[in-house]
Amino acid sequence: MPIDEARWTATNAYAREVYGAEPDHIRANREGADAAGLPTWAVSPELGRLLALLARTTAGRSALEIGTLGGYSALWLLEGMQPDARIITIEYVDAHADYSEAEFDRCGVGERIDVRRGAALDLLPGIAEAVGPESQDIVFIDADKISYPDYYERTAGLVAPGGLLLVDNIFGSSGAWIDEVDHPEAQAIDRMNRMAAADERFDAAGVFVRAGLLIARRR
């Protein structure tokens, strides 16, 4: 049967109903972000649950995230990580960083999540030097799509053997879908997808969940 807009909407609603249960503190984070007027770019509850599950397949002690927003995805990642886990998350917008830091403190995990403020491409060299190569059990990218190829190049070498490189929106975003071949965002996403698929350091798959998730496991 063809997938039209109505069926797509209904299927996503079904996935959220069945697989979208949230821990209370994570639900409060999402609802609070909505009430505070933060953009609605965060991962969905069912995708957050998948992130936690994927985190449990790794050693689960270190993660690097590009794109904090209100902290929703970082909290989901932490759900699947070890009690001593640490996350570095990068956020460009100060208001979003302020909100996420307050939320991490509210959830009692402020000491485990380090919010770095600024442009990711400016911050990544220093972070990479500090943490070292093959040091991160998880890298999660969910930020501006134009920079996806650069983010991939600068973080792939940080993933530890057996670790995961995860990228959201690999088939499109609110800005453009992957078949809009003349759109700069679609072109950047396509370049990153092809880089990941050809990268011999990883076993990679593009999963059609929400707007697409790259799951790449470091060999």
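Phe208 counts as exposed, at 55% relative accessibility. That number comes from a predicted model, as does everything else here. Phe208 still has a ring partner: it forms a tilted aromatic pair with Phe171. Below you'll meet that pair, another one like it, two pockets, a nonpolar core and a few residues worth finding on screen.

**Aromatic rings around Phe208**

- The centres of the Phe171 and Phe208 rings are 4.9 Å apart, with 40 degrees between the planes.
- This pair links distant parts of the chain, since its members are 37 residues apart.
- Look for Phe171 in the loop between strand E5 (159–168) and helix H8 (184–198), and for Phe208 in the loop between E6 and strand E7 (213–218).
- Phe171 is buried, with a relative accessible area of 18%, whereas Phe208 is exposed at 55%.
- Why does Phe171 count as buried? The cut-off for buried is under 20%, and Phe171 has 18%.
- Trp8 joins in too: together with Phe171 and Phe208, it makes up one aromatic cluster.

**The pair Tyr152 and Phe202**

- A search of the whole structure turns up four aromatic pairs.
- In one of them, the ring centres of Tyr152 and Phe202 are 6.4 Å apart and the planes meet at 55 degrees, so this pair is tilted.
- Here again distant parts of the chain are linked: Tyr152 belongs to helix H7 (residues 148–155) and Phe202 to strand E6 (residues 202–207), 50 residues apart.
- Both partners are tucked away, with Tyr152 buried at 2% relative accessibility and Phe202 buried at 3%.
- Phe202 has a charged neighbour as well: Arg218 lies over the face of its ring, 5.7 Å from the ring centre.

**The largest pocket**

- Rolling a probe the size of a water molecule over the atoms shows where empty space is left.
- The largest pocket has a volume of about 1000 Å³.
- Which residues sit closest to its centre? Out of 43 lining residues, they are Trp41, Asp142, Ala143, Lys145 and Asn169.
- Four elements each give two or more residues to this lining: helix H1 (5–19), helix H4 (72–79), strand E2 (86–91) and helix H6 (120–131).
- H1 provides the largest share of the lining, four residues.
- By class, the lining has 18 nonpolar, 17 polar and eight charged residues.

**The second largest pocket**

- The second largest pocket holds about 290 Å³ of space.
- It has 14 lining residues, and Ala15, Tyr19, Glu46, Val209 and Arg210 lie nearest its centre.
- H1 and helix H3 (45–56) each supply at least two residues of this lining.
- H1 gives the most here, with five residues.
- The lining of the second largest pocket splits into eight nonpolar, three polar and three charged residues.

**Helix H4 and the nonpolar core**

- Seven of the eight residues of H4 are buried, so this helix is largely enclosed by the rest of the structure.
- The buried ones are Tyr72, Ser73, Ala74, Leu75, Trp76, Leu77 and Leu78.
- The largest nonpolar core has 28 residues, and Met81 and Leu166 make the most contacts inside it.
- At least two core residues come from each of H3, H4, helix H5 (94–106), strand E3 (113–117), strand E4 (136–141), E5 and E7.
- Which element gives the most to this core? H4 does, with six residues.

**Loop residues to look up**

- Leu69 is in the loop between strand E1 (62–66) and H4, and it counts as buried at 10% relative accessibility.
- The phi angle of Leu69 is near 50 degrees, a positive value in a residue other than glycine.
- Asn169, which you met by the centre of the largest pocket, is in the loop between E5 and H8.
- Asn169 also has a positive phi, near 65 degrees, and isn't a glycine; it counts as buried at 8% relative accessibility.
- Trp177 is found in the loop between E5 and H8 and is partly exposed, at 30% relative accessibility.
- From Trp177 to Arg218 is 41 residues in sequence and 27 Å in space, C-alpha to C-alpha.

Terms used. Residues numbered from 1 in each chain as written. Predicted model: local features only at pLDDT ≥ 70, side-chain atom pairs only at ≥ 80, totals over all residues. Heavy atoms only, no water. Phe/Tyr/Trp six-rings, centres within 6.5 Å; stacked < 30°, edge-to-face > 60°. Buried < 20%, exposed > 50% of the residue type's maximum accessible area, 1.4 Å probe, protein only. Lys NZ or Arg CZ within 6 Å of the ring centre and 35° of its normal. 1 Å grid on protein atoms, 1.4 Å probe; cavity = no way out; pocket = protein on both sides within 12 Å on 5 of 7 lines; lining within 4 Å. Points joined across faces, edges and corners; volume = space filled by probe spheres on them. Nonpolar A, V, L, I, M, F, W, Y, C, P; charged D, E, K, R; others polar. Core = buried A, V, L, I, M, F, W, Y, C linked by side-chain atoms within 4.5 Å.
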